[in-house]
Number of protein chains: 2
Amino acid sequence: MGAKTVLGILGLGTVGTGVVDLLRDNPQFEIRRIAVRDIAKPREIDLSAFEITEDPFQLADDPEIDIIVEVAGGVDPAFEVIKRALTSGKNVVTANKELIAKHGPEIFDLANKHGVTVFFEAAVGGGIPLISTLQRGLQANRISRVAGIVNGTTNYILTRMEQDRKSFDEALREAQAAGFAETDPSDDIEGRDVVYKIAILSSLAFQSPVEVSKIFRQGITQIIDLDIILAAEFGYRIKMIGLAQPGVGDTLDVRAHPMLIPIHHPLASVEGVNNAIFISGSAVGEIMLSGPGAGKYPTASAVVGDIINIASALKLPDFARYFQPPISSQVKPVYPIDETRNAYYIRLETHDTPGVIGKLGLAFGQHGVSLHSVAQKGVTSSGTATIVLLTHTVREKQVQGALREISALPTVKQIGVLLRVLNH
Amino acid sequence: MGAKTVLGILGLGTVGTGVVDLLRDNPQFEIRRIAVRDIAKPREIDLSAFEITEDPFQLADDPEIDIIVEVAGGVDPAFEVIKRALTSGKNVVTANKELIAKHGPEIFDLANKHGVTVFFEAAVGGGIPLISTLQRGLQANRISRVAGIVNGTTNYILTRMEQDRKSFDEALREAQAAGFAETDPSDDIEGRDVVYKIAILSSLAFQSPVEVSKIFRQGITQIIDLDIILAAEFGYRIKMIGLAQPGVGDTLDVRAHPMLIPIHHPLASVEGVNNAIFISGSAVGEIMLSGPGAGKYPTASAVVGDIINIASALKLPDFARYFQPPISSQVKPVYPIDETRNAYYIRLETHDTPGVIGKLGLAFGQHGVSLHSVAQKGVTSSGTATIVLLTHTVREKQVQGALREISALPTVKQIGVLLRVLNH
């Protein structure tokens, strides 16, 4: 086999521990150093065989380390450590979705300059080989859409709400108890995690990055059990979706928001903490990859897969060029959400007064929004009626215009939620 | 971009025509020669720009051709042409499942000797990137099972039988009319196509080939609509499955036969001509890849993807070693079907005489086969009663022993079908 490949690992959380577990008995690799934030913290694995440091730059500066494995997450200090590692000619494996989403082009450019590579299969979809499929598996295709369930926490919550008729709060608490949601779940339930992941998938599918801060984002916190029940009556399931497709002109329509998915669409059957991405290609048609999108060993297996792939390529002279992600450094504008065209599910809380549906119909009509269905659901003791509407496909700004007018009507208490429908 | 990559194409059927379509306007490639069986045959594409030959060895001997693209199918003459091409230092892309299943190790060995590669993504699962996922995407895993729906024709027939209550013959005729089944459909409905494909997937998952002629094979021709209805009542769908998993000792349990799939298993929802493979890995857990498994452009997209991947690797010195499929040339024995352990679905035709179920129960009991459910379904005017049994998990030879005894009973007319159940 020749000499061992020498690794430095940055971060020893769940994924880092999984990576050490998977590699510690592998004779092909030597873990030389591990950088952690707090050396004193008690850990569930025996680290006596490793050199532990609190200074991650020691990894980047160690001339014997071949590959830096970054599983710490967050931009700081990972970004600086990775830049220094690449500059000193080391290859990098990272699971860091935020870093790749925000600074991918700069990182790939630096790697290119120094003849090394950055692999990031674990950044999206845990152990499902999404990145390699988009990068190398569909070369003959012009991709027309990527739609994915890429956040296990929100999919677990929505699945529990649907299957066990739980409220959002109950389902969230259950997810936290089961270890599927963090104590502070906001990155997941507010959609930031999905923003990072769809930004990465989009950059691979369309070979151009977008500005991450411009990606439209809506979380799942406004969704109530009634929405899930009514969506089912209309023939849909509600899923948190990352969507990327070409926009008008040279833009990319990239977004992260819950959507109504037609019940027979393959994404509708993805349950619990599973992830899936659905890819439409010009030649291949529609393919879906699914599996556990997070968790210690699924994610660690993607990291270790990258390490093994780099190690076997290290024997090739000049291999790095082959593995360069084909992403231009030219950032494309995000197609504004106002300009996108969708069908909409809208839930309104109104006073139970006669003629309210007529007034709503009039307001939508004046903005050119035609309605597919309208349903009034029960009236509470306080006299609140819930009205749910499903529109035909229309430009978002027309719906927003109608809703501004509607929210000013005296009979309307509030707009409960606005959700978009995935067209097939 | 530098010089064009020069291609020679062997075969101009559906897939070959798709490959020409996808590549003819690509400035990176030049199609130098195309070998066909019959030059005079009228074709739907304009071939005036290409040099056409009936001698496929001209491709292998042309010193300017970089990559031979073999989309002719069958062992003869593809095997000899590919061997000569590899020997003269050309890389090969093939969609030929039979050839790779039967002669993969010899072909890979020859490629290795001459510093070139053989890519075969299109051999299984059309455009779904199954081969690359097994070869490079799950490196950190010990795979414990591959179970796949890898034949679109049989999946289409079984789907039509279930959804539209068609008979096997009606569904087959419908598949032929829709272009999803050949005029002679025997390779598909008798399971030979699945044998080749699961042999290839198994060799990648377990890094060893098996002897293809030893793989147990059962087609779908014995399945009647009643089986599909009763399977559904028991909580299953019937699917034609290629299965590969480690056997006892140093054997591999590789087979191609219809199976009862639990209704909530992801494979159960794969409909029509779609394909899917379900992979269980030690670290990643269970992942599934699905999509159109056949057809002109899905398959051509896999072929062209291979061509593009080889072309970009051609710039690397010594790249072939990196892409060598990690398959040992040491053939492993197939674990005998008699020794495998399964639960079984058995349909028997009997005379409607009292006590017949008791006699069946006795025979099964004497062979150590315990029954999970027994159902008697109707009695025809000729006095035939259909009895369906579901067993617990048991070694196959015990079931076969019981059935030998049962088929000798005077009250039993015939054993209608024996199907195996996928355990989850």
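This report covers the symmetry, one sheet and some backbone features of a predicted model.

## How the chains are related

Start with the two copies. Chain A superposes on chain B by a rotation of 180° with 0.0 Å of shift along its axis. The RMSD of that superposition is 0.0 Å. This is the relation of a two-fold axis. Which residue of chain A comes closest to the rotation axis? It is L289(A), with its C-alpha at 2.2 Å.

The interface fits this picture. Of the interface residues of chain A, 100% are also interface residues in chain B, so the copies meet through the same surface.

## The sheet in chain B

Chain B holds an open sheet of six strands. Their order is β3-β2-β1-β4-β5-β6, and the pairing is parallel. Two strands stand at the edges: β3 (51-53) and β6 (118-119) of chain B. Each has a single partner strand, so one side of each is left without a neighbour in the sheet.

Now look at one pair within the sheet. Strand β1 (residues 5-10) of chain B runs parallel to strand β2 (residues 29-35) of chain B. Six bridges join them. G8(B) stands opposite R33(B), a residue of β2(B).

## Backbone features

Two kinds of backbone feature are listed below, for chain A and for chain B.

| Feature | Value | Citation |
|---|---|---|
| Cis peptide bond, D76(A) to P77(A) | omega near 5° | chain A |
| Cis peptide bond, D76(B) to P77(B) | omega about 5° | chain B |
| Positive phi, R165(A) | near 55° | chain A |
| Positive phi, R165(B) | about 55° | chain B |

Where do the prolines of these cis bonds lie? P77(A) is in the loop between β4 (67-70) and α3 (78-87) of chain A. P77(B) is in the loop between β4 (67-70) and α3 (78-87) of chain B.

The arginines come next. R165(A) has a positive phi although it is a residue other than glycine. It sits in the loop between α6 (152-164) and α7 (168-177) of chain A. R165(B) is not a glycine either, and its phi is positive too. Its loop runs between α6 (152-163) and α7 (168-177) of chain B.

Is R165(A) buried or exposed? A residue counts as exposed if 12 or fewer other C-beta atoms lie within 10 Å of its own. R165(A) has 12 other C-beta atoms within 10 Å, so it is exposed. R165(B) has 12 C-beta neighbours inside 10 Å and therefore counts as exposed.

Conventions: Residues numbered from 1 in each chain as written. Chains lettered and ligands numbered in written order. Predicted model: local features only at pLDDT ≥ 70, side-chain atom pairs only at ≥ 80, totals over all residues. Helix = DSSP H or I, 4+ residues; strand = E, 2+ residues; numbered from the N terminus. Buried ≥ 20, exposed ≤ 12 C-beta atoms within 10 Å, placed from the backbone. Least-squares fit on C-alpha atoms with pLDDT ≥ 70 in both. Contact = placed C-beta atoms within 7 Å. Pairing = 2+ DSSP bridges.
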